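Here is a short tour of the strands and charged contacts in this protein. Have the sequence at hand and turn the model as you read.

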Amino acid sequence: MIKIYGSPMSSAGRCYWMLEELGLPYEQMPMNMREKQHKSPDYLKINPNGKIPAIIDGEYILWESMAITNYLAKKHNSPLAPQNLEEEGHIMQWSFWALVDLQTPAVNWLIQALFVPDEFKNPKVIEDAKKVLPNYLNTLEAGLKGKTYLVGNRFTVADLNVASVVGLLYALKFDMSPYPEINKWMGLCTSRPAAQKLDKMRATAQAH
Ligand SMILES: N[C@@H](CCC(=O)N[C@@H](CS)C(=O)NCC(=O)O)C(=O)O
């Protein structure tokens with residue numbers, strides 16, 4: 001059975017989403033980040049970055065959340081996986097863009113809002129994020145124009161990966177009203193049973 005390291009509340013969330021889409025059995029491995037278990041010698045053998053998520057599938061170890069979602073979809077011949085080289089190019093395009101461009105300001109904001117103690121908070125980080133995010137959201141809004149999904153006219157790894165990042169902006173209560181295409185598409189992505197299951201897992205994790 002696939003072992004997964006990392007809480008559904010973290011970047012691992014998108015990997016749980018994919019596992020649920022595929023209906024695969026998995027085992028959530030305990031990882032106490034407060035006790036720095038992700039920096040322990042044993043875990044560093046799995047992910048030398050000391051970060052979550054990582055999976056172990058048989059003997060095979062993989063880290064980087066979006067590499068994991070793509071690997072799982074391809075391995076299990078899911079319709080979410082790319083069906084040809086061109087689709088794969090576009091799925092990688094949107095995934096790298098989401099991780100590098102869109103997620104960076106969103107996570108900087110999230111860290112300031114949730115984790116930086118008041119005396120060390122830097123309001124400029126949040127101001128800068130708010131300034132730059134519309135540029136990226138305009139790219140996504142244009143990319144969705146006239147389409148239901150990002151690639152291949154069906155829900156794919158690209159939608160799952162990008163929606164998992166856009167979800168942060170809703171959580172941060174960023175004004176999403178200027179982006180009707182994104183809102184419509186997010187409605188479709190987040191109403192999927194696997195996404196709903198992830199929401200429930202997050203609610204349970206938060207309550208504990
Ligand atoms: N690009 C990586 C980012 C992983 C990452 O930054 N994970 C965070 C949790 S969301 C983490 O493990 N942080 C602990 C640390 O950096 O020490 C991925 O998507 O897998």
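Which residues are linked with Lys145 in a network of salt bridges? They are Glu181 and Lys184, so named in the predicted model because the three side chains fall under the rule that a Lys or Arg nitrogen lies within 4 Å of an Asp or Glu carboxyl oxygen. A search of the whole structure finds 9 salt bridges, and a few of them are worth a visit below.

**The strands around E1**

Let us begin close to the N terminus, with strand E1, residues 2-5. Strand E1 pairs with strand E2, residues 26-29, in the parallel sense, and 4 bridges hold this pairing. If you would like a place to look, find Tyr5, whose bridge partner in E2 is Met29. Between the two strands the chain passes through helix H1, residues 13-22, and this β-α-β crossover is right-handed.

E1 is also joined to strand E3, residues 54-57. Here the strands run antiparallel, with 3 bridges between them. Lys3 has Ile56 as its bridge partner in E3.

**Salt bridges between elements**

The table sets out three of the salt bridges.

| Pair | N to O distance |
|---|---|
| Arg192 and Glu21 | 2.8 Å |
| Asp57 and Lys75 | 2.8 Å |
| Lys74 and Glu88 | 3.2 Å |

Take the salt bridge of Arg192 with Glu21 to start. Glu21 sits in helix H1, while Arg192 belongs to the loop between helix H7 (180-190) and helix H8 (193-207), so this contact ties together parts that are 171 residues apart in sequence. Arg192 itself is partly exposed, at a relative accessible area of 22%.

Next comes the salt bridge between Asp57 and Lys75. Because Asp57 is in strand E3 and Lys75 is in helix H3 (residues 65-75), the pair ties together parts that are 18 residues apart in sequence. Are these two side chains buried or exposed? Asp57 is buried, with a relative accessible area of 14%, whereas Lys75 is partly exposed at 43%. The cut-off for buried is under 20%, which is why Asp57 falls in that class.

Helix H3 also holds Lys74, which is linked to Glu88 in helix H4 (residues 85-114), 14 residues apart. Their closest N and O atoms are 3.2 Å apart. Lys74 counts as partly exposed, with a relative accessibility of 38%, and Glu88 is partly exposed too, with a relative accessible area of 22%.

Technical notes
Residues are numbered from 1 along each chain as its sequence is written. This is a predicted model: local features need pLDDT of at least 70, side-chain atom pairs count only at pLDDT 80 or more; totals for chains, interfaces and linings use all residues. Side-chain values use heavy atoms; hydrogens and water are left out. Two strands pair if DSSP finds at least two bridges between them. A crossover is right-handed if, with the strands pointing away from the viewer, the path from the first strand over the helix to the second runs clockwise. Buried means under 20% relative accessible area, exposed over 50%, partly exposed in between (1.4 Å probe, protein chains only).
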